[in-house]
Amino acid sequence: MPETRSGERRETPRRTPREHARAVRSCTACGLHAERLTPVVGEGPADARLVIVGVVPRRHEDLHGTALAGGPRNVVEEALTRAGLVPGEVRFTSVVRCRPPDDRAPELEEVRACAGHLDAELALVDPEVIVTLGELATSVVLRRPVPLARVAGYRLDVRQGVTLVPTHHPSEVMRGVPEAAKAIRRDLAVAKAVLDGRMGTGAQALSELRSRLAAQG
Ligand code: SF4
């Protein structure tokens with residue numbers, strides 16, 4: 001049984017796409033359900049090889065029920081296309097499914113309440129590569145707090161056959177954070193290389209790193 005960021009054990013429910021959509025749309029597990037318009041079910045193929053995990057819907061996402069909209073969506077789609085990936089073949093989803101009031105950051109209790117939906121969606125899609133946008137999404141998928149600066153662009157094993165490539169959230173590009181766009185492009189190119197078999201999985205990356213460190217004495 002997997003764990004939440006706080007170390008609490010959590011079950012991964014097995015769902016069909018229809019059951020998953022119904023579970024999210026009817027969810028009242030935290031207070032965010034009260035003001036939502038459209039929760040994020042996840043969009044894109046249910047058998048996508050690549051899943052991109054954002055954080056939380058804001059106003060535009062809530063209006064359209066999408067995981068990522070507007071400028072941030074454009075940043076990611078442009079980086080996908082540059083990497084040779086087709087945005088329509090990628091699954092987009094988010095850690096928290098309902099928009100918080102005034103677009104505040106989600107609270108830990110809300111993240112914990114929603115984590116089961118992400119587990120269920122990842123179990124349903126069973127991707128080869130997961131790209132997380134930002135530190136919160138990365139920590140939730142890895143089930144422990146992880147500083148993004150230490151892992152962005154690396155290949156990490158979530159479980160056998162599933163590689164995580166953490167990257168920056170595209171909202172950083174909107175805020176003018178230097179190098180954010182370049183880092184997202186770099187990390188999506190890594191995701192594409194793993195999908196193409198040109199770069200090894202997270203386990204292989206770790207083994208390569210250990211060999212390099214051992215060689216350095
Ligand atoms: S944010 Fe997640 S846990 Fe909270 S009501 Fe929405 S779907 Fe349910």
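**Figure 1. Long-range contacts across the chain.** In this predicted model, residues 24 or more positions apart make up 72% of the protein chain's contacts with a separation of 6 or more. The chain has 9 helices and 5 strands. Follow them along the sequence and you get α-β-α-α-β-α-β-α-α-β-β-α-α-α. As for burial, 47% of the chain's 217 residues count as buried.

**Figure 2. Inside the largest nonpolar core.** Here we zoom in on a core of 24 residues, where Val53, Val95, Val96, Leu118 and Ile130 touch the most other members. At least two core residues come from each of β1 (50-54), α4 (108-125), α5 (135-142), α6 (148-151) and β5 (162-167). In soluble globular proteins, nonpolar side chains tend to be buried together.

**Figure 3. Leu118 and its neighbours.** Leaving aside residues up to four places away in sequence, Leu118 touches Val53, Thr93, Ser94, Val95, Arg97, Val140 and Val141. Two of the names on that list, Val53 and Val95, also turn up with Leu118 among the core residues that touch the most other members.

**Figure 4. A second core.** Separate from the core in Figure 2, this one has 23 residues, including Ile52, Val75, Val165 and Leu195.

**Figure 5. Around the ligand.** The ligand takes up the space of the largest cavity. Around the ligand you'll find Cys27, Ala29, Cys30, His33, Arg36, Val96, Arg97, Cys98, Ala113, Cys114 and His117. This shell splits into 7 nonpolar, 2 polar and 2 charged residues. Val96 from the shell is a familiar name from the largest nonpolar core, and Arg97 from the shell is one of the residues that Leu118 touches.

Conventions: Residues numbered from 1 in each chain as written. Predicted model: local features only at pLDDT ≥ 70, side-chain atom pairs only at ≥ 80, totals over all residues. Heavy atoms only, no water. Core = buried A, V, L, I, M, F, W, Y, C linked by side-chain atoms within 4.5 Å. Buried < 20%, exposed > 50% of the residue type's maximum accessible area, 1.4 Å probe, protein only. Helix = DSSP H or I, 4+ residues; strand = E, 2+ residues; numbered from the N terminus. Contact = heavy atoms within 4.5 Å. Near = heavy atom within 4 Å. 1 Å grid on protein atoms, 1.4 Å probe; cavity = no way out; pocket = protein on both sides within 12 Å on 5 of 7 lines; lining within 4 Å. Sits in = over half its atoms within 2 Å of the grid points. Nonpolar A, V, L, I, M, F, W, Y, C, P; charged D, E, K, R; others polar.
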